[in-house]
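Thanks for sharing this one. Here are a few notes to read alongside the coordinates, in the order I would go through them with you.

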Amino acid sequence: MIPYGKHYLDEDDIEAVVSQLRAGTLTQGGRIGEFEAAVAEYVGVKYAVAVTSGTAALHLACIAGGVGSGDIVVTSPNTFVASANCAPYVGATPQFADIDATSLNLDPGALAEKARALKKVRAVIPVHFGGLSCDMPAIKEIADRSGAAVIEDASHAIGGRHADDSWIGSCRYSDMTVFSFHPVKQITTGEGGMITTNSEPIYRELLRLRSHGINKGNDPFLCPDEAFTADAPNRWYYEMQELGFNYRLTEIQAALGLSQLKKLDRFVKRRRLLAERYDKVFEARPRGIRIGQPVGRDRSGHHLYIIRAPFGRDGAPSRNDYMRRLVELGIITQVHYIPVPLHPYYRNLGHSLKDLPVTRAYYGECLSVPLYFSLSDQEQEAVIEKLVDAFA
């Protein structure tokens, strides 16, 4: 079976993990700091904080961004539920602005209209869908007018660039950027995530939040009478300064991440080549199948390759039938995504696609097809042939 996405590990990755196991330090050692520093250097940002997942990263970013009870957070409906769930985690209300039909990212015009209607938005979470950067200068301008924090959800986008050629993760247009290292992403730590920022206060708060809210010497002690004996810090002492979580990445995961990061440019280059090969076929719209995200090939992180097709129209198979046929032919596809407002939790909160026509149209036509580093040319040729033939 050829999956829609797949991680790649080589002997260097395996040796990195084995070496860390032999070193004896499994958690809270120096490898995590090395991984954070390497990611920060790669994307050109001052600080990076590793956590257990992209979801954990979004959760902590909302807290560090000052989002709380009664606040409004605007994000894309075309994303995994975590991009929206981080708002109710902290007592805030998520709202959705429609996507752009070409980039499939948050439409700045729709965002501006939503911000005017809501009047008070505390944070905007643009999602770099498929690895392609949103129009961040426009989104930042809109957010600034509303006094809103900007948290980039770059779970798809490590290794990608903004339109001005700055790295996604540099936080040029945001307060924080969030990455995911899930196995189908460009690089993996098994599970894991990262938050980048240029703000030292945010950085220090993130360090506390990921470890139970506990201070271990990175910040001034709040109870000096307990912290010191004869002006010397007590060796056993630490403080829980706020309510935090256990969102710490392990040393083993950090070792794998460091090894994977060394290959990121090669991974993205290969993904881009595969995407361009798909483009050459689907720009001709064989049997009505067309390119789903036809822009940004030179700067995307290329997490996904999307096709759009007229499922169930003019004699074409339904999407479900088409996906079943492809499984029979050895190809696994996926839909990215079921729009967040359609999930029962969000329906029960009153959300729908009524005011999101572009998202509704996209959802009816989209399909993610195989794209990953180790997909061979021959495998891709077979995928293309079967994608076209099975649509009869």
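The points below cover a sheet, the helices around it, the cysteines and one loop residue.

1. Before anything else, please keep in mind that this is a predicted model. My comments describe the model as it stands.

2. Let me start with the sheet. Three strands make up an open sheet, ordered β12-β13-β14, with antiparallel pairing. The edges are β12 (290–291) and β14 (366–369), each of which pairs on one side only. Between β12 and β13 (residues 305–308) there are 2 bridges, while 4 bridges connect β13 to β14.

3. For the register, two pairs are handy to display. Ile 291 sits opposite Ile 307 in β13. On the β14 side, Ile 306 has Ser 368 opposite.

4. How do the side chains of β13 point, and are they buried or exposed? In a regular strand, side chains alternate between the two sheet faces. In β13, Tyr 305 and Ile 307 point one way, Ile 306 and Arg 308 point the other way, and all are buried. Do have a look at Arg 308, which is among these buried residues.

5. Next, α14 (residues 377–389). At 1.5 Å a residue, its 13 residues should span 18 Å, and the end C-alpha atoms are indeed 18 Å apart, so the two values agree. The buried residues in this helix are Gln 380, Val 383, Ile 384, Leu 387 and Val 388. Viewed down the axis of α14, they fall within an arc of 125° and therefore line one face of the helix. This fits the general pattern: an α-helix has 3.6 residues a turn, so residues three or four places apart point the same way.

6. What do the buried residues of α14 pack against? Their partners are α10, α11 and β14. The face turned away from the buried side carries Gln 378 and Glu 385, both exposed. Colouring α14 by accessibility should show the two faces nicely.

7. On the cysteines, searching the whole structure gives 0 disulfides. Cys 62 is therefore unpaired: the nearest cysteine sulfur belongs to Cys 86 and lies 3.7 Å away, whereas a disulfide needs sulfur atoms within 2.5 Å. Cys 62 counts as buried because its relative accessibility is 0%, which is under the 20% limit. Cys 223, with 35% relative accessibility, counts as partly exposed.

8. Finally, a loop residue. Ile 338 is located in the loop between α11 and α12 (344–347). Its relative accessibility is 39%, so Ile 338 counts as partly exposed, given that this class lies between 20% and 50%. Leaving out residues up to four places away in sequence, Ile 338 touches Thr 79, His 343 and Tyr 363. For Ile 338 and Ala 115, which are 223 residues apart along the chain, the C-alpha atoms are separated by 24 Å.

Technical notes
Residues are numbered from 1 along each chain as its sequence is written. This is a predicted model: local features need pLDDT of at least 70, side-chain atom pairs count only at pLDDT 80 or more; totals for chains, interfaces and linings use all residues. Side-chain values use heavy atoms; hydrogens and water are left out. Two strands pair if DSSP finds at least two bridges between them. Buried means under 20% relative accessible area, exposed over 50%, partly exposed in between (1.4 Å probe, protein chains only). The expected span of a helix is 1.5 Å times one less than its number of residues. The arc is that of the directions from the helix axis to the C-beta atoms. Contact means heavy atoms within 4.5 Å.
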